Amino acid sequence: MEGALVTMKFSFFMMPLHLPTENPSLAFQRDIDMVCYADDLGYDEFYIGEHHTAAWESIPAPDLVLAKASATAKRIKLGTALISLPFHHPFHVAERMAFLDHLTDGRVILGVGPNSLPPDIKLFGVPTMDLRPMMDESLEIIVKLLESPDPINFDGRFWKINDMALQLRSYQQPRLKLATATTGSKRSLGHVAKYQMILLSPPTPGDVQRGTLPVEKHWDAVEEAA
């Protein structure tokens, strides 16, 4: 649009990676220092991932790291990338993140995914074919919990919720922001459109056989789904 003002925002994503031979306590403190450094540099968002078995990616609870970082990083938005929804009860995810949203004065972004690390999947014993449908059900429940002031019910294949409500809804209203990463599956891009999620797209050429789109077509697919 002629004359329109375009504002570019910058985000920082860190798995984070640690050498298995280094002191883990020092490595975690370095991660927190990095959040503060990004805040000082003017970055808009910072994302930290979740893993349970990889010696190189040794943060199992990104929300705890972000909670500590928020005490000194005062402006930057803080996101999980990604919470592995099949490994957690959806109520716990919604409740903990809504609580963290209050502790950070509304700076939380809940990034979610099914998990793609084989040792993590084996650890929790979730059949690979169930990861996506479990995430789909969990995400629907989480959104309902975050948005509804009244108790909700959900009778799914993997999750069943009976008269559950958050005692404290998120600081951000009508709910906190959501995000997801995708290599271009139309299913994931459909979630982005449906729940108005932040789209995290790694550079990928797409794969026709797997039904994934190249990165330059991701947003077009989101607009079409919306």
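Asp 136 is buried, at 15% relative accessible area. The model behind these exercises is predicted.

**Exercise 1.** Find the partner with which Asp 136 forms a salt bridge, and state where the two residues lie.

*Solution.*
Step 1. The partner of Asp 136 is Arg 187, and the closest N and O atoms of the pair are 2.4 Å apart.
Step 2. Arg 187 belongs to helix α6 (residues 186-195) and Asp 136 to helix α5 (residues 131-147). With their positions 51 residues apart in the numbering, the pair links distant parts of the chain.
Step 3. Compare the accessibility with the cut-offs. Buried means under 20% relative accessible area, so Asp 136 with 15% is buried. Arg 187 has 42% relative accessibility and is therefore partly exposed, because that class lies between 20% and 50%.

**Exercise 2.** How many salt bridges does a search of the whole structure find, and which residue forms one with Asp 63?

*Solution.*
Step 1. The search gives 7 salt bridges.
Step 2. One of them joins Asp 63 to Arg 96, where the closest N and O atoms are 2.9 Å apart.
Step 3. Asp 63 sits in helix α2 (residues 62-69), and Arg 96 sits in helix α3 (residues 90-103). The two are 33 residues apart, and the pair links distant parts of the chain.
Step 4. Asp 63 has a relative accessible area of 11%, so this residue is buried. The value for Arg 96 is 43%, so this residue is partly exposed.

**Exercise 3.** Locate the two residues of the salt bridge between Arg 175 and Glu 147, then decide for each whether it is buried, partly exposed or exposed.

*Solution.*
Step 1. In this salt bridge the closest N and O atoms are 2.9 Å apart.
Step 2. Arg 175 is in the loop between β7 (160-164) and β8 (177-181), while Glu 147 is in helix α5. The pair links distant parts of the chain, 28 residues apart.
Step 3. Arg 175 has 14% relative accessibility and is therefore buried. Glu 147 has 38% and therefore counts as partly exposed.

**Exercise 4.** Which residues does a cis peptide bond join, and where do Leu 82 and Pro 174 lie?

*Solution.*
Step 1. One cis peptide bond joins Ala 81 and Leu 82, with omega about 5°. Leu 82 has its place in the loop between β3 (77-80) and β4 (83-84).
Step 2. Another cis peptide bond joins Gln 173 and Pro 174, with omega about 10°. Pro 174 is part of the loop between β7 and β8.

**Exercise 5.** Asp 163 and Gln 196 are to be described by phi, by location and as buried or exposed.

*Solution.*
Step 1. Asp 163 is not a glycine, and its phi is positive, near 50°. This residue is found in strand β7.
Step 2. The relative accessible area of Asp 163 is 60%. Exposed means over 50%, so Asp 163 is exposed.
Step 3. Gln 196 is also not a glycine, and its phi is positive, about 50°. Gln 196 lies in the loop between α6 and β9 (198-200).
Step 4. With a relative accessible area of 71%, Gln 196 is exposed.

**Exercise 6.** Describe the largest pocket by its space, its lining residues and their division into nonpolar, polar and charged.

*Solution.*
Step 1. The largest pocket holds about 1100 Å³ of space.
Step 2. Its lining has 32 residues, and those nearest the centre are Leu 82, Ser 116, Ala 181, Thr 182 and Thr 183. Leu 82 is also a residue of the cis peptide bond with Ala 81.
Step 3. Helices α4 (118-124), α5 and α6 are the elements that give two or more residues to this lining.
Step 4. The lining divides into 14 nonpolar, 13 polar and 5 charged residues.

**Exercise 7.** Do the same for the second largest pocket, and state which element gives the largest share of its lining.

*Solution.*
Step 1. The second largest pocket holds about 390 Å³ of space.
Step 2. There are 17 lining residues, with Glu 45, Lys 177, Leu 178, Gln 196 and Ile 198 nearest the centre. Gln 196 is the residue with the positive phi of about 50°.
Step 3. The largest share of the lining, 3 residues, comes from β9.
Step 4. The lining consists of 8 nonpolar, 4 polar and 5 charged residues.

Terms used
Residues are numbered from 1 along each chain as its sequence is written. This is a predicted model: local features need pLDDT of at least 70, side-chain atom pairs count only at pLDDT 80 or more; totals for chains, interfaces and linings use all residues. Side-chain values use heavy atoms; hydrogens and water are left out. A salt bridge is a side-chain nitrogen of Lys or Arg within 4 Å of a carboxyl oxygen of Asp or Glu. Helices (H or I, at least four residues) and strands (E, at least two) are DSSP runs, numbered from the N terminus. Buried means under 20% relative accessible area, exposed over 50%, partly exposed in between (1.4 Å probe, protein chains only). On a 1 Å grid over the protein atoms alone, a cavity is a set of points where a 1.4 Å probe fits but cannot get out, and a pocket is an open set with protein on both sides within 12 Å along at least five of seven lines; lining residues have an atom within 4 Å of a point. Grid points are joined across faces, edges and corners, and a volume is the space filled by probe spheres set on the points. Ala, Val, Leu, Ile, Met, Phe, Trp, Tyr, Cys and Pro count as nonpolar, Asp, Glu, Lys and Arg as charged, and the others, Gly among them, as polar.
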